[in-house]
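Please open the structure in your viewer and keep the selection tool at hand. We will go from one place to the next, pausing at each stop to see what is there.

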Amino acid sequence: MKTDRGRMTSEQAWVLGLASLASFMMALDSLVVSTALTTIRQDLTASLEDLEWTVNAYNLTFAVLLLTGAAVGDRFGRRRMFVAGLAVFTLASVACALSPDIGALIAARALQGAGAAMVLPLSLTLISAKFPPQQRGKAMGLYLGLTGLATFSGPFIGGAIAEGLAWQWIFWLNLPVGLVTIALTSRRVAESFGPNNRLDLVGVVLVTSGAFGIVWGLVRGNAARWASAEVVGALVLGLALVVAFVLWEQRTKAPMLPMRFFRQRAFATANPANFLVFASLYGTMFFLAQYFQTVLGEGPLVAGLMLMPWTATLMVCAPIAGRLADKHGERTFVVGGLLLQAVGMGWIALVADTDTGYLELLPALVLGSVGVTMAMPAAQKAVVGSVTPQEIGQASGAFMMLRIFGGVFGIAVTVAVFASVGGYSSPEEFSEGFSAGMGAVSAFAFVGMLVALGMPVRRPVPQVGVPAPVGH
């Protein structure tokens with residue numbers, strides 16, 4: 001779509017705004033839950049495994065259903081399924097708020113993940129399909145920047161609610177936002193469909209079952225032990241089903257995820273790099289607010305305020321990073337961003353202790369956050385730019401699924417590293433585990449940087465009316 005000198009049309013603005021509002025709601029939910037974990041642990045007498053499930057029950061259904069959500073959107077209408085996902089997420093949020101115990105909360109969080117599995121990949125699809133390549137990086141940056149408003153305010157809101165009201169109110173917040181987003185999307189966003197008019201049912205069953213086995217094994221690894229029959233069996237069965245899914249997709253006439261995508265160098269490298277971005281990010285997010293409360297002795301409100309400089313950079317830097325990626329290509333920003341995250345979290349791993357002041361950690365937190373913010377929009381742009389406009393829905397679903405797998409993997413491994421040397425019995429014990437965990441998230445980022453070095457060097461996408469230079 002051509003616009004006047006690259007300006008956004010009204011239709012584009014509505015799509016971008018509503019997709020960002022939906023992402024805002026889910027980012028806010030993620031951050032406020034992280035800040036309130038300590039309060040939830042005390043109020044519901046939850047164990048470390050329960051806290052991990054509170055986060056990962058959402059991630060489990062989200063990861064398992066992501067490709068299905070994208071495929072159903074392509075088949076039955078992207079706007080229709082986007083609205084349906086918002087409705088499921090909003091109702092599940094009410095169920096979270098009304099949960100009488102930790103088991104009910106975990107079940108409701110799983111239902112939230114099912115709704116998000118329809119909403120988030122379709123939000124990326126709606127934006128990517130509406131904006132041409134020369135505007136897409138900027139749009140992705142604005143999407144992350146607007147989402148960053150939730151990321152920026154989430155720790156403070158979660159801390160204020162957990163300390164001043166009750167943790168249940170972090171879920172009630174989703175009700176008005178969800179209702180407004182549903183109403184406006186139904187009126188302002190045009191319906192669109194993907195290239196396939198058939199639903200790949202065999203592919204849906206294989207990828208859903210395979211993803212469930214892998215995520216179940218990762219989530220249960222720490223509690224059931226990694227060498228147990230349950231965990232090993234779940235991981236092996238999950239991987240076998242994923243292999244069967246790959247073989248099936250290569251022979252079916254209407255695949256939900258064409259395997260030829262992985263022959264595109266950008267798709268095959270930006271996806272695993274982003275997997276490790278989110279492994280590092282989620283591992284950090286799971287423990288950071290707990291560290292401020294358990295080791296530094298702060299309440300939820302102050303812990304939320306301490307997180308705000310870390311989260312603020314997403315809102316400020318994401319639009320800038322997206323525009324610069326349009327001009328200079330994606331690889332520089334993914335590689336550089338992951339390097340900054342590795343350095344920042346490695347710094348914290350070395351200096352964090354019971355007598356470490358907050359100001360000693362702050363520069364490293366900001367450095368790491370700038371790095372993650374550089375990498376995310378550039379990786380998204382690389383993936384959706386490697387396929388045709390009609391295939392963006394399928395590529396977005398795969399991208400989002402691997403991203404959530406990264407988050408689950410990051411939390412599982414970071415919790416395992418934490419539990420091997422630390423615990424909750426004293427600030428000293430927690431601090432030891434926290435330092436080890438931050439070493440793990442630094443390693444994730446460093447490996448991701450090495451993977452990102454394999455991304456193709458792209459010339460900037462030309463503006464409308466400007467001839468394209470020869471890429472290499």
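The tour below visits a pair of helices, then a single helix, and finally one residue. Before selecting anything, keep in mind that this is a predicted model.

Begin by selecting residues 78–97, which form helix H3, together with residues 102–130, which form helix H4. These two helices pack at an angle of about 155°, and their axes lie 8 Å apart. Since angles over 145 degrees count as roughly antiparallel, H3 is roughly antiparallel to H4. If you turn the view to look at how H3 and H4 cross, the crossing is a left-handed one.

Next, select helix H10, residues 265–294. Its 30 residues, at 1.5 Å a residue, should span 44 Å, and the C-alpha atoms at its ends are indeed 44 Å apart, so the expected span and the model agree. Follow H10 along to Phe-287, where the helix bends by about 25°. Now show the surrounding residues as well: 26 of the 30 residues of H10 are buried, and therefore H10 is largely enclosed by the rest of the structure.

For the last stop, select Met-345, which sits in helix H12, residues 331–351. Is Met-345 buried or exposed? Its relative accessibility is 0%, and because buried means under 20%, Met-345 counts as buried. Leaving aside residues up to four places away in sequence, Met-345 touches Thr-284, Ala-364, Gly-368, Met-438, Val-441 and Ser-442. Finally, add Gly-437 to the selection: Met-345 and Gly-437 are 92 residues apart in sequence, while their C-alpha atoms are 9.5 Å apart in space.

Key:
Residues numbered from 1 in each chain as written. Predicted model: local features only at pLDDT ≥ 70, side-chain atom pairs only at ≥ 80, totals over all residues. Heavy atoms only, no water. Helix = DSSP H or I, 4+ residues; strand = E, 2+ residues; numbered from the N terminus. Buried < 20%, exposed > 50% of the residue type's maximum accessible area, 1.4 Å probe, protein only. Contact = heavy atoms within 4.5 Å. Expected span 1.5 Å × (residues − 1). Bend = angle between axes of the 7 residues up to and from the residue. Axes fitted to C-alpha atoms, helices over the stretch in contact; angles between N-to-C directions. Parallel < 35°, antiparallel > 145°, perpendicular 65-115°, else oblique. Left-handed = near helix turned anticlockwise from the far one by under 90°.
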